[in-house]
Amino acid sequence: MITDALVGRDYIETSDWTTAEIDTALDVSADLKTKFRAGEPHRLLPDKTIFLFFFDKSTRTRNSFEAGITQLGGHAHFIDAATSQISHGESPRDTGIILSRYGHAIAIRHDLVPGEGNAYMREVAKHADKPVINMQCDIDHPCQTLADLMTIREKFGRNLKGMKIGVSWAYAPSYAKPMSVPQGLIMLMTRYGMDVTLAHPVEFELMPHTLERARKNAAESGGAFRVVHEMDEAFEGAQIVYPKSWGCRDLFHKPEESLAVGKKYTSWICDERRIGLTDADSIYMHCLPADRGSEVTDEVIDGPHSVVFDEAENRLHTAKALMALTMR
Ligand code: CP
């Protein structure tokens, strides 16, 4: 199952990998999930080290990588960017070169400043001679969307052509969440021929180049992509709904202002009425953390359509697959 073909490869956006390579990652993820559940040892990376750099908070991503590398026989170093020399201005070039000499992979989360995170990790990757994994940037969250695709396949099988997925903005008062999950979803699911509807209030537009890429992918795969401004339209007849919040693209440096704009749209919640608009066998997805009572009601997130804990679990198996395939 494990191949050497992806050793040393960076994983910064899903579009950096072919669909065949993504399929390989998903096959390895499924195999590692089976082994983990059976209690079968799978120490594929004995004594290997991965550095986990966080410019933002995390529960799932940090723990899936830390637990994952331990289960693979290696070790993770957690680094809070604010307590490293990055906060004194050390360059991504120097950071990439030095950590490449200490270990076997570098993973980075840098997601809250549009225009910065992806460029930062690509600069690290340019100078590192070890693989760089994107744990969420301003453009994509490729670890999340890989786990989402794994979850969708577990529910609906491998052929996803024509399946309707509604990706929608939802109201959340907690913080201005990054745009990378919806952007990553529209860019990845359109490659698999899915019929993708993106819904959001007019103030919550995503980065134009991600919309362009989704349109191009849909045209090439035989899928579809459209943008609407009513939440219900993303739910009508959908087999998959993925309602979650994100901040205003131009207000990430003023998050309170972004939250104030969002307050106009408290009715954008995933509730039982909206789930009633979807296909009878639809699934409700969310990358988590969710603002319960704002983005989604307890009845929906804890109800029969919800697969959020499967998604969260699959973060572990997919993180392990990415490390096992790229690190040596
Ligand atoms: N979904 C996700 O990335 O979760 P964390 O922010 O907890 O890592």
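1. The ligand in this predicted model lies between domain 1 (14–141 + 315–326) and domain 2 (143–311), because both domains give residues to the shell around the ligand. When you look at the structure, it helps to find the two domains before turning to the individual residues.

2. The residues that surround the ligand are Ser 58, Thr 59, Arg 60, Thr 61, Arg 109, His 141, Gln 144, Cys 287, Leu 288 and Arg 315. Sorted by class, this shell holds two nonpolar, five polar and three charged residues.

3. Which atoms of the ligand come within a few ångströms of polar protein atoms can be followed residue by residue. In the side chain of Arg 60, an N or O atom is 2.8 Å from an oxygen atom of the ligand. In the side chain of Gln 144, an N or O atom is 3.0 Å from a nitrogen atom of the ligand, and at Cys 287 it is a polar backbone atom that is 3.0 Å from a nitrogen atom of the ligand. On its own the ligand has 250 Å² of accessible area, and the protein covers 94% of that area.

4. Where does the ligand sit with respect to the pockets of the protein? The space that the ligand takes is the largest pocket, which has a volume of about 310 Å³. Of the 21 residues lining this pocket, those closest to its centre are Arg 109, Gln 136, Tyr 175, Leu 288 and Pro 289; Arg 109 and Leu 288 also belong to the residues that surround the ligand.

5. The lining of the largest pocket consists, by class, of seven nonpolar, six polar and eight charged residues. At least three residues of this lining come from domain 1 (14–141 + 315–326), and at least three come from domain 2 (143–311).

6. The second largest pocket, with a volume of about 160 Å³, also deserves a look. Its lining is made up of Leu 112, Val 113, Pro 114, Tyr 175, Ala 176, Arg 249, Phe 252, His 253 and Pro 255, and by class these residues divide into seven nonpolar, one polar and one charged. Tyr 175, listed here, is also among the residues closest to the centre of the largest pocket.

7. Why does the second largest pocket lie between domain 1 (14–141 + 315–326) and domain 2 (143–311)? Both domains give residues to the lining of the second largest pocket, and therefore it lies between them. The same reasoning was used for the ligand in the opening point, where both domains give residues to the shell.

Note on methods:
Residues numbered from 1 in each chain as written. Predicted model: local features only at pLDDT ≥ 70, side-chain atom pairs only at ≥ 80, totals over all residues. Heavy atoms only, no water. 1 Å grid on protein atoms, 1.4 Å probe; cavity = no way out; pocket = protein on both sides within 12 Å on 5 of 7 lines; lining within 4 Å. Points joined across faces, edges and corners; volume = space filled by probe spheres on them. Nonpolar A, V, L, I, M, F, W, Y, C, P; charged D, E, K, R; others polar. Domains from an automatic or database assignment. Near = heavy atom within 4 Å. Polar contact = N/O pair within 3.5 Å; in protein donor to acceptor, adjacent residues only side chain to side chain. Areas by Shrake-Rupley, 256 points an atom, 1.4 Å probe, with all protein chains shown as cover. Sits in = over half its atoms within 2 Å of the grid points.
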